[in-house]
Amino acid sequence: MKERIDEILKYTRDVLESIKTSAECQTLRVETLGKNGKLTQLFRFMKEVPAEKKGEVGAMLNNAKNDIEAMISAKETFLEQAELDREIRSAEKIDITLPSQTCTGSLHPRTIIQHEIEEIFMSMGFVVEDGNEVETEYNNFTAVNVPENHPARDMQDTFWLDNGQVLKTHTSAAQNRILRKYPLPIRAIFPGRCFRNEDTDAGHENTFFQLEGVIVDKDVSVGNLIYFMKEMLSKIFKKEVEVRLRPGFFPFTEPSFEMDVRCPFCDGHGCSTCKQGGWIELCPCGMIHPEVLKNGGIDPEKYSGCAFGLGLDRMTMLSFGINDIRELNSGDLKLLKQFNVKA
Ligand code: DAH
């Protein structure tokens, strides 16, 4: 009996070695442990085994049965995993020979507006830069005249990283790097993603986009600021627009302003977009504070500058008639497909 059992065990091992699919494992299982399997048949001899040997032989058979099942199962699991991996790999294969027309991607509305604004500023001699999303505390705050422990830091609650850096709360964080990077005079715009630790609603997002601009030269004045913004807005809204400045406060500009545009949708007569007011608040701006110039290695006695921080999401919402800022980060294809501009 022992020899017979050993033979079946050897047979099982040999077959398992040459097996290539999990289905073959099942065939082997039936062949050895099935109703008429090789080992099952040996169990039938139990009745002929003398009573005093029954315990020993029974144990031998049961052990062999367990061993065979264990061997087959192990191989089966191994092969099943390999088959699954092969399936996944072939499903994920990308056919790079497919014609490009089959791709239906399009530009995000915010990207469309960003590109338009970039084109306009480039045509007026500006360079386009991009800032980091993770910034040093110095660049985000101190360099733009918001020193440590100053109450102005409360205006922009941010996300701190363990290493003491921050997710930038405004594109102004790139000002210092840009002032240091370019020789004077400087005309630069820098769009980018910003983050603030605040609750969201139709007009606020914790992740949003701004487009900042700086102009530094001899004798830069508020007149330059108004000119460039008017040019840009007239091109975006495809008509001559009127802007006005109201006093504002920002630590990095002196004086600081809020720039409004006369509502381009109703020409200032009052509509739902301008909430019947005739003006739309669009862009904080101002003359760059001498401290900020100094921090950027520029002598404020010789040079002056102006800066603005346009809300890119707001511009996008105005241009496309989207009335909830949260839509822009939603990835909602129903919204995005309406602006099917090919990349
Ligand atoms: N960084 C400001 C903010 O996010 C916006 C801003 C205001 C930018 C005035 C400027 C500026 O460049 O001159 O609230």
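Here are three short exercises, with worked solutions, on a predicted model of a protein with its ligand.

**Exercise 1. Work out which residues surround the ligand and how they divide by class.**

Step 1: Let's begin with the count. The ligand is surrounded by 16 residues, and the closest are His-170, Ser-172, Arg-196, Gln-210 and Glu-212.

Step 2: Sort the shell by class. Eight of its residues are polar, six are nonpolar and two are charged.

Step 3: Now look at the strands. At least two shell residues come from each of β5 (207–217), β8 (279–288) and β9 (304–311).

**Exercise 2. Find polar contacts of the ligand's oxygen atoms, using a cut-off of 3.5 Å between N or O atoms, and then see how much of the ligand is covered.**

Step 1: Try the side chains. An N or O atom in the side chain of Glu-212 is 2.7 Å from a ligand oxygen, and for the side chain of Arg-196 the distance is 2.8 Å.

Step 2: Turn to the backbone. Ala-307 places a backbone N or O atom 3.1 Å from an oxygen atom of the ligand.

Step 3: Check the cover. On its own the ligand has 350 Å² of accessible area, and the protein covers 94% of this.

Step 4: Place the ligand among the pockets. The ligand sits in the largest pocket.

**Exercise 3. Describe how the chain is divided into domains and how far apart their C-alpha centres lie.**

Step 1: Read off the bounds. Domain 1 spans 2–91, and domain 2 spans 109–339.

Step 2: Take the C-alpha centre of each domain. Those of domain 1 and domain 2 are 73 Å apart.

How values were computed: Residues numbered from 1 in each chain as written. Predicted model: local features only at pLDDT ≥ 70, side-chain atom pairs only at ≥ 80, totals over all residues. Heavy atoms only, no water. Near = heavy atom within 4 Å. Polar contact = N/O pair within 3.5 Å; in protein donor to acceptor, adjacent residues only side chain to side chain. Areas by Shrake-Rupley, 256 points an atom, 1.4 Å probe, with all protein chains shown as cover. 1 Å grid on protein atoms, 1.4 Å probe; cavity = no way out; pocket = protein on both sides within 12 Å on 5 of 7 lines; lining within 4 Å. Sits in = over half its atoms within 2 Å of the grid points. Helix = DSSP H or I, 4+ residues; strand = E, 2+ residues; numbered from the N terminus. Nonpolar A, V, L, I, M, F, W, Y, C, P; charged D, E, K, R; others polar. Domains from an automatic or database assignment.
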